[in-house]
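Work through the exercises below with the sequence and the 3D structure at hand. Each task is followed by a solution in steps.

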Amino acid sequence: MKWRYIGIFALCAALLPALPVRAETGDEEAFLESIVAMDSAAGEESAERLGVDWEDTLLLAKGIYACTGNRTFTDEWRLCVGEVILNRVASPEFPDTLEEVLGADERYSGSVPGYFAAIRPDRKAAGIALRLMEGERVMDEPRVVYQDCHYYDGGVYKSLYDYRVGGIYFCLTTRPELY
């Protein structure tokens with residue numbers, strides 16, 4: 001049953017079209033539109049004006065979307081998910097790039113080949129990724145490098161609950177001596 005679910009989810013993700021969104025005004029709107037449409041030409045231009053990296057923001061948006069999908073999670077939940085991803089990049093325990101961090105964990109990359117490449121983040125994930133790339137933090141604790149439905153030995157830093165999916169723990173490293 002587990003593999004059937006993963007296969008159907010990967011297939012749905014591969015078939016999702018980019019949402020047709022028009023930017024009204026401003027660089028942020030154009031940037032979010034480029035993320036949703038996965039349009040690197042438009043994205044690079046607006047990213048430069050916003051002072052963020054388009055590819056990293058796109059990868060972060062895809063990572064956030066991989067964990068939260070189009071469910072109605074709060075911004076706080078999505079920000080925490082993105083923050084854990086960024087903390088892993090900065091951590092000596094994990095790879096040094098977003099691409100490597102996201103590819104090393106099935107939570108983000110999926111167990112089906114091509115799953116992550118097929119993810120098309122929605123506008124909400126793109127907006128959260130942009131906020132994080134501009135420096136916004138809700139936990140502001142670099143040792144929070146785990147998120148799961150169970151807690152790790154390093155301790156729980158924050159827990160959130162959604163009545164549809166249950167709870168999630170944002171946990172501290174089990175190797176605090178590295179920080």
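**Exercise 1: the strands**

Strand β1 (residues 144-148) is mostly covered, with 5 of its 5 residues buried; buried means under 20% relative accessible area, exposed over 50% and partly exposed in between (1.4 Å probe, protein chains only). Strands (E, at least two residues) and helices (H or I, at least four) are DSSP runs, numbered from the N terminus. The model is predicted: local features need pLDDT of at least 70, side-chain atom pairs count only at pLDDT 80 or more, and totals for chains, interfaces and linings use all residues. Residues are numbered from 1 along each chain as its sequence is written, and side-chain values use heavy atoms, with hydrogens and water left out.

Task: find the strand joined to β1 by 4 bridges, then the one joined to that strand by 6 bridges.

Step 1. The partner of β1 is strand β3 (residues 166-172), and the two run antiparallel. Two strands pair if DSSP finds at least two bridges between them. Within this pairing, tyrosine 146 has cysteine 171 of β3 as its bridge partner.

Step 2. Strand β2 (residues 156-162) is joined to β3 by 6 bridges, again antiparallel. Leucine 160 stands opposite isoleucine 168 in β3.

Step 3. β2 and β3 make a hairpin, with 3 residues between them.

**Exercise 2: from α9 to β1**

Task: list the buried residues of helix α9 (residues 123-133), then locate the positive phi angles that follow.

Step 1. In α9 the buried residues are Ala125, Ala126, Gly127, Ile128, Ala129, Leu130 and Leu132.

Step 2. Glycine 135, just after α9, has a positive phi of about 110 degrees.

Step 3. Aspartate 140, in the loop between α9 and β1, has a positive phi of about 50 degrees although it is not a glycine. Aspartate 140 counts as exposed because its relative accessibility is 61%.

**Exercise 3: a distant pair**

Task: state how far alanine 90 is from valine 145 in sequence and in space.

Step 1. Alanine 90 belongs to helix α5 (residues 75-90) and, at 67% relative accessibility, counts as exposed.

Step 2. Alanine 90 and valine 145 are 55 residues apart in sequence, and their C-alpha atoms are 9.7 Å apart.

**Exercise 4: glutamate 100**

Task: place glutamate 100 and decide whether it is buried, partly exposed or exposed.

Step 1. Glutamate 100 is in helix α6.

Step 2. Its relative accessible area is 43%, so glutamate 100 is partly exposed.
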